[in-house]
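Q: I would like to learn how to read the features of a model one at a time, beginning with the general idea and then turning to the case at hand. Could we go through it together?

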Amino acid sequence: VQLQASGGGLVQAGDSLSVSCVGSERTFSNYAAGWVRQAPGKEREFVAVIAGTGSRTYYADSVKGRFTISRDNAKNTVYLQMNSLKPEDTAVYYCVASTTYGGNWWVAGGPYGINYWGKGTQVTVSS
């Protein structure tokens, strides 16, 4: 599966931004999909994941209540709506996919068991 993310940009603190990710295969719905981010000089950080059917989601505590992940399997697309952005949200956001949905995503140091990584999209939040 090839993953193509888009929608990053430069915004001010408090603004909203949406990023999206298109998967290359019709079987994209078979995969849990999510977002991982990495800021300069920091470890990668799990952000959010959504099950293949879209019935389950999980968020990092740092974004819970501000970010919403969703998917449209008819379009092979996963979305991340980011509201109330903070400067600490500044990072490269990577769309990723896995055949499994579970703790492997949000366990400390994770996610693990990721089968596919897309190229990142830069999100910059100015104060």
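Q: What does the burial of its residues tell us about β4, is the strand enclosed or open?
A: A caution comes before the reading, since this is a predicted model. For a strand, one counts how many of its residues fall under 20% relative accessible area, the cut-off for buried. In β4, 6 of the 7 residues are buried, so the strand is largely enclosed by the rest of the structure.

Q: Which strands are joined to β4 by bridges, and in what sense do they run?
A: β4 is joined to β9 by 7 bridges, and the two run antiparallel; β4 is also joined to β5, again antiparallel, by 5 bridges. To fix the register on the β9 side, one can take Val36, whose bridge partner is Tyr94, and Trp35, which stands opposite Cys95. On the β5 side, Arg37 has Glu45 as its bridge partner. The hairpin of β4 and β5 has 6 residues between the strands, and Gly41 there takes a positive phi near 75°.

Q: How many of the residues of β9 are buried, and which other strands does β9 pair with?
A: β9 is mostly covered, with 6 of its 8 residues buried. β9 pairs with β11 in the antiparallel sense over 3 bridges, where Tyr93 has Thr121 as its bridge partner. With β10, which also runs antiparallel to β9, there are 2 bridges, and the partner of Val96 in β10 is Trp117.

Q: Which residues touch the most other members of the largest nonpolar core?
A: The general idea is that in soluble globular proteins, nonpolar side chains tend to be buried together. Here the largest nonpolar core has 37 residues, and those that touch the most other members are Trp35, Val47, Phe67, Ile69, Leu80, Met82 and Tyr93. Two or more residues of this core come from each of β1 (3-6), β3 (17-23), β4 (32-38), β5, β7 (67-72), β8 (77-82), β9 (91-98) and β11 (121-126). Tyr93 is a useful residue to follow: leaving aside residues up to four places away in sequence, Tyr93 touches Trp35, Val36, Arg37, Val47, Phe67, Leu80, Met82, Gly120, Thr121 and Val123.

Q: Which residues of β7 make up its covered face, and which its uncovered one?
A: In a regular strand the side chains alternate between the two faces of the sheet. In β7, the covered face holds Phe67, Ile69 and Arg71, whereas Thr68, Ser70 and Asp72 belong to the uncovered face. β7 is joined to β8 by 6 bridges, the two running antiparallel, and Ser70 has Tyr79 in β8 as its bridge partner.

Q: Where are residues other than glycine with a positive phi, and are they buried or exposed?
A: One case is Asn76, with phi near 55°, in the turn of the hairpin that β7 and β8 form with 4 residues between them. Asn76 counts as buried because its relative accessibility is 13%. Another is Ser84, with a positive phi of about 50°, found in the loop between β8 and β9. Ser84 counts as partly exposed, because its relative accessibility is 42%.

Q: Is Val63, in the loop between β6 and β7, buried or exposed?
A: A loop residue is judged by its accessible area, and Val63 is buried because its relative accessible area is 0%. Beyond residues up to four places away in sequence, Val63 touches Arg37 and Val47. Val63 and Asn83 are 20 residues apart in sequence and 9.2 Å apart in space, C-alpha to C-alpha.

Q: Which residues are joined by a cis peptide bond?
A: The omega angle is what to look at, and the bond between Gly110 and Pro111 is cis, with omega about 10°. Pro111 has its place in the loop between α1 (103-106) and β10 (116-117).

Q: How many residues line the largest pocket, and which lie nearest its centre?
A: Rolling a probe the size of a water molecule over the atoms shows where empty space is left. The largest pocket contains about 200 Å³ of space. Its lining has 13 residues, with Phe46, Trp106, Val107, Ala108 and Gly109 nearest the centre, and β5 (45-50) and β6 (57-59) are the elements that give two or more residues to that lining. By character, the lining residues divide into 7 nonpolar, 2 polar and 4 charged.

Conventions:
Residues are numbered from 1 along each chain as its sequence is written. This is a predicted model: local features need pLDDT of at least 70, side-chain atom pairs count only at pLDDT 80 or more; totals for chains, interfaces and linings use all residues. Side-chain values use heavy atoms; hydrogens and water are left out. On a 1 Å grid over the protein atoms alone, a cavity is a set of points where a 1.4 Å probe fits but cannot get out, and a pocket is an open set with protein on both sides within 12 Å along at least five of seven lines; lining residues have an atom within 4 Å of a point. Grid points are joined across faces, edges and corners, and a volume is the space filled by probe spheres set on the points. Ala, Val, Leu, Ile, Met, Phe, Trp, Tyr, Cys and Pro count as nonpolar, Asp, Glu, Lys and Arg as charged, and the others, Gly among them, as polar. A nonpolar core is a set of buried Ala, Val, Leu, Ile, Met, Phe, Trp, Tyr and Cys residues joined through side-chain atoms within 4.5 Å. Buried means under 20% relative accessible area, exposed over 50%, partly exposed in between (1.4 Å probe, protein chains only). Contact means heavy atoms within 4.5 Å. Two strands pair if DSSP finds at least two bridges between them.
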